[in-house]
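Work through the exercises below with the sequence and the model at hand. Each task is followed by a solution in steps.

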Amino acid sequence: AARDSAYWAASLDRAEEAAEKALELDPAMVSAHVALGNVHRDRWEWAESERSYRRALELAPDDPEANQQHAEMLAGMGRSEEAIPFARRAAELDPLAAIRLNALGFILWNAGRPDESLATLRRAYAIDPTLRYVNRNIWRILLSTGRYAEAEAFMQEVGIPVDDRTRRVARALAAADTAAAIQILRSDTLVGDEYYLSALIG
């Protein structure tokens, strides 16, 4: 764990250095301001992160990545309602990108809008049904809102066999007990869908 933490810190340092060098060459480079905002966000340096994203949006208010990353930063600070317009704008600017809709759907969920969130995530799924994080978010919203039959049907739709172990994982996740869900998975390493279910737990 310590090695992973050191590696992560070093990777952020490298990303920060690259972004700052890019801005020295071109202070108006939007992608560099976004990259710098990402570094600060991942360090939980919220004020610095917001400053970088806002500068990117001043330079390019219609940049979908700047809008999405700013939205995700705001949501990370617990400001989900404030984040929604930026996430929605990113999805409008890049309508065929499932990743934009996924971000919007997740932020809507954090803002306490499960129905709107689920509808948005289903649009992302329709664009790209192979994205595991979209599938995971749909599944967990269905579980947490008590729609167990829909959750099982969705799992079968994405190709995950619904057996007793899967149902126990689902019950644990519905109760917001992620640790129990992971323990159930780890207790049976012979089942071939473990990797995918672990990805769903996220």
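The first exercise starts from arginine 100, which is placed in helix 6. The model is a predicted one.

**Exercise 1. Arginine 100**

Task: Decide whether arginine 100 is buried or exposed, and find which residues arginine 100 touches beyond its sequence neighbours.

Solution.
- Step 1. The relative accessibility of arginine 100 is 10%. Buried means under 20%, so arginine 100 counts as buried.
- Step 2. Leaving out residues up to four places away in sequence, arginine 100 touches Pro64, Glu65, Gln68, Ala90, Ala91 and Asp94.
- Step 3. With the side chain of aspartate 94, the side chain of arginine 100 makes a polar contact at 3.0 Å.

**Exercise 2. Helix 5 against helix 6**

Task: Describe how the axes of helix 5 and helix 6 cross, and state which residues meet.

Solution.
- Step 1. Helix 5 covers residues 80–93 and helix 6 covers residues 98–110. Their axes come within 9 Å and cross at roughly 160°.
- Step 2. Angles over 145 degrees count as roughly antiparallel, and helix 5 and helix 6 are therefore roughly antiparallel to each other.
- Step 3. The crossing in which helix 5 passes helix 6 is left-handed.
- Step 4. From helix 5, the residues in contact are Ser80, Ala83, Ile84, Ala87, Arg88, Ala90 and Ala91. They meet Arg100, Leu101, Leu104, Ile107, Leu108 and Asn110 in helix 6.
- Step 5. Sorted by class, this contact of helix 5 with helix 6 has nine nonpolar, two polar and two charged residues.

**Exercise 3. Helix 4 against helix 5**

Task: Treat helix 4 and helix 5 in the same manner, giving the angle at which their axes cross and the classes of the residues in contact.

Solution.
- Step 1. Helix 4 spans residues 64–76. The axes of helix 4 and helix 5 come within 8 Å, crossing at roughly 160°.
- Step 2. Helix 4 and helix 5 are therefore roughly antiparallel to each other.
- Step 3. Helix 4 passes helix 5 in a crossing that is left-handed.
- Step 4. Helix 4 brings Pro64, Asn67, Gln68, His70, Ala71, Leu74 and Ala75 to the contact. In helix 5 these meet Ser80, Glu82, Ala83, Phe86, Ala87, Arg89, Ala90 and Leu93.
- Step 5. By class, the contact of helix 4 with helix 5 has nine nonpolar, four polar and two charged residues.

**Exercise 4. Helix 3 against helix 4, and glutamate 50**

Task: Give the packing angle of helix 3 and helix 4, then state whether glutamate 50 is buried or exposed.

Solution.
- Step 1. Helix 3, residues 46–59, packs with helix 4 at an angle of about 155°, and the axes are 9 Å apart.
- Step 2. Helix 3 and helix 4 are therefore roughly antiparallel to each other, and their crossing is left-handed.
- Step 3. Helix 3 contributes Trp46, Ser49, Glu50, Tyr53, Arg54, Ala56 and Leu57 to the contact. The residues of helix 4 are Ala66, Asn67, Gln69, His70, Met73, Leu74 and Gly76.
- Step 4. By class, the contact of helix 3 with helix 4 has seven nonpolar, five polar and two charged residues.
- Step 5. Glutamate 50 is in helix 3 and has a relative accessible area of 13%, so glutamate 50 is buried.
- Step 6. Residues up to four places away in sequence aside, glutamate 50 touches His70, Met73, Leu74 and Arg79.

**Exercise 5. Tryptophan 44 and tyrosine 125**

Task: State where tryptophan 44 lies, and which residues tyrosine 125 touches.

Solution.
- Step 1. Tryptophan 44 lies in the loop between helix 2 (30–42) and helix 3. Its relative accessible area is 66%, so tryptophan 44 is exposed.
- Step 2. The phi of tryptophan 44 is near 65°, which is a positive value in a residue other than glycine.
- Step 3. Tyrosine 125 is found in helix 7, residues 114–127. Its relative accessibility is 13%, so tyrosine 125 counts as buried.
- Step 4. Not counting residues up to four places away in sequence, tyrosine 125 touches Val134, Asn135, Ile138, Phe154, Glu157 and Val158.
- Step 5. Tyrosine 125 and isoleucine 138 are 13 residues apart along the chain, and their C-alpha atoms are separated by 8.7 Å.

**Exercise 6. The chain as a whole**

Task: How many helices and strands are there in the protein chain, and what percentage of its residues is buried?

Solution.
- Step 1. The protein chain has twelve helices and zero strands.
- Step 2. Of the 202 residues in the protein chain, 41% are buried.
- Step 3. Among contacts between residues at least 6 apart in sequence, 48% join residues at least 24 apart.

How values were computed:
Residues are numbered from 1 along each chain as its sequence is written. This is a predicted model: local features need pLDDT of at least 70, side-chain atom pairs count only at pLDDT 80 or more; totals for chains, interfaces and linings use all residues. Side-chain values use heavy atoms; hydrogens and water are left out. Axes are lines fitted to C-alpha atoms, for helices over the stretch in contact, and angles run from 0 to 180 degrees between N-to-C directions. Helices (H or I, at least four residues) and strands (E, at least two) are DSSP runs, numbered from the N terminus. Angles under 35 degrees count as roughly parallel, over 145 as roughly antiparallel, 65 to 115 as roughly perpendicular and the rest as oblique. A crossing is left-handed if the near helix is turned anticlockwise from the far one by less than a right angle, and right-handed if clockwise. Contact means heavy atoms within 4.5 Å. Ala, Val, Leu, Ile, Met, Phe, Trp, Tyr, Cys and Pro count as nonpolar, Asp, Glu, Lys and Arg as charged, and the others, Gly among them, as polar. Buried means under 20% relative accessible area, exposed over 50%, partly exposed in between (1.4 Å probe, protein chains only). A polar contact is a pair of N or O atoms within 3.5 Å; within protein, one must be able to donate a hydrogen and the other to accept it, and residues adjacent in sequence count only if both atoms are side-chain atoms.
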